[in-house]
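Reader: I should be grateful for a close look at one part of this model, namely the way its helices pack against one another and the charged pairs that accompany them. Please treat the matter as one connected account.

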Amino acid sequence: VVLTGVGVSARSTSDAVTRLPGDFTLAFAPYGRDLESQVFRARRDGHEVLLQIPMEPFDFPDSDPGPHTLRAGGSSKENIDRLHWLMTRFPGYVGLMNYMGGKLLSPPGALQPVLDEVGRRGLLFLDDGTTPRSMAPDIGKRLTLPVLQADRTMDATGSARPLAAMLQEAEGLAQRQGRAIITVPALSANIETLISWEADLARRNIVIAPLSAILEARAP
């Protein structure tokens, strides 16, 4: 389970770090305040950490991921420079994941230099699964870059589908295929739901695992 948008709200960040077990992975947005100390607390409490990278969506600029967005039409140098700035926001992450990005994730010419840079740093990449035409898994195979793709992703507003229903789907997937990855916005109501849900998982023979454990389990 990957909590997204961590670091934006002080209250939800504190709840995610301190109230959720360490096996929940936390994806920090690059624009929050005091990110280094927040990430330090998260890692101290056992959480794996990801860095969310703003990527251009199809309806940009109507939907704007924020400053330093990686652009589908941008030059490789421009996108790598923006990526480097984002990667200096805080240390200690095991990988990167997209924030939006439908347009950037689709054409391989724009995405490959970005993923090549991710691989050179020894990081993994999580595709949130919202772009059906995403080239990330295919490019990852060519680059021998570890790329994971979420099986289910909750809308950032929480309006598209109740979290409880998505968790039930994720349980079914995990039981059928051995594992499942879901991403959930770090909103206070979602965190409360996850706390109650996790407390009852052992009875159904399901455990929460850090993202790197999913990657290791997938490896041949």
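Author: The crossing of helix 5 and helix 6 is right-handed. This is a feature of a predicted model, and the account below starts from that crossing.

Helix 6 comprises residues 136-143, and its axis lies 10 Å from that of helix 5, at an angle of about 50°. An angle under 35 degrees would count as roughly parallel and one of 65 to 115 as roughly perpendicular; helix 5 and helix 6 are therefore oblique to each other. On the side of helix 5, the contact is formed by P108, L111, Q112, L115 and D116. Facing them in helix 6 are A136, I139, R142 and L143. Sorted by class, the residues of this contact comprise 6 nonpolar, 1 polar and 2 charged.

Helix 5 (residues 108-120) also packs with helix 3 (residues 76-87). Here the axes are 9 Å apart and the angle is about 40°. That angle makes helix 3 oblique to helix 5. The crossing of helix 3 and helix 5 is right-handed. Helix 3 contributes S76, N79, I80, L83 and H84 to the contact, while helix 5 contributes P113, V114 and E117. The residues of this contact divide into 4 nonpolar, 3 polar and 1 charged.

E117 leads from helix packing to the charged pairs. The side chain of E117 meets that of R121 in a salt bridge, with a distance of 3.2 Å from N to O. The two partners differ in accessibility: E117 has a relative accessibility of 7%, and because buried means under 20%, E117 counts as buried. R121, at 42%, counts as partly exposed. E117 thus has two roles in this description, as a member of the contact between helix 3 and helix 5 and as a partner of R121 in a salt bridge.

Helix 3 has a salt bridge of its own. The side chains of K77 and D81 meet at 2.8 Å, N to O. Both residues lie in helix 3, and they are 4 residues apart, about one turn of the helix. An α-helix has 3.6 residues a turn, so residues three or four places apart point the same way. K77 is exposed, with a relative accessible area of 60%, whereas D81 is partly exposed at 39%.

The chain segment that leads into this helix can be followed through two residues. T69 and S75 are both placed in the loop between strand 3 and helix 3. T69 is buried, with a relative accessible area of 2%, while S75 is partly exposed at 39%. Leaving aside residues up to four places away in sequence, T69 touches P54, M55, E56, D64 and R82. Each of the two loop residues can also be set against a residue far along the chain. T69 and E198 are 129 residues apart in sequence, and their C-alpha atoms are 34 Å apart in space. For S75 and R204 the separation in sequence is 129 residues, and the C-alpha atoms are 49 Å apart.

Other charged pairs are found elsewhere in the chain. In general, side chains of opposite charge can pair when their charged atoms come close. The side chains of E169 and R152 form a salt bridge at 2.7 Å, N to O. This pair links distant parts of the chain, since E169 belongs to helix 7 (residues 163-177) and R152 to strand 7 (residues 152-153), 17 residues apart. E169 counts as partly exposed at 31% relative accessibility, and R152 counts as partly exposed at 27%. Salt bridges also join E171, D200, R203 and R204 in a network. The count for the model comes to 12 salt bridges.

Helix 1 (residues 10-19) supplies a further example of helix packing. The buried residues of helix 1 are S12, T13, D15, A16 and V17. They pack against strand 1 (2-6), strand 2 (25-28), helix 2 (35-44) and helix 8 (188-199).

To return to the starting point, helix 5 takes part in two right-handed crossings, one with helix 6 and one with helix 3.

Notes:
Residues are numbered from 1 along each chain as its sequence is written. This is a predicted model: local features need pLDDT of at least 70, side-chain atom pairs count only at pLDDT 80 or more; totals for chains, interfaces and linings use all residues. Side-chain values use heavy atoms; hydrogens and water are left out. Axes are lines fitted to C-alpha atoms, for helices over the stretch in contact, and angles run from 0 to 180 degrees between N-to-C directions. Angles under 35 degrees count as roughly parallel, over 145 as roughly antiparallel, 65 to 115 as roughly perpendicular and the rest as oblique. A crossing is left-handed if the near helix is turned anticlockwise from the far one by less than a right angle, and right-handed if clockwise. Contact means heavy atoms within 4.5 Å. Ala, Val, Leu, Ile, Met, Phe, Trp, Tyr, Cys and Pro count as nonpolar, Asp, Glu, Lys and Arg as charged, and the others, Gly among them, as polar. A salt bridge is a side-chain nitrogen of Lys or Arg within 4 Å of a carboxyl oxygen of Asp or Glu. Buried means under 20% relative accessible area, exposed over 50%, partly exposed in between (1.4 Å probe, protein chains only).
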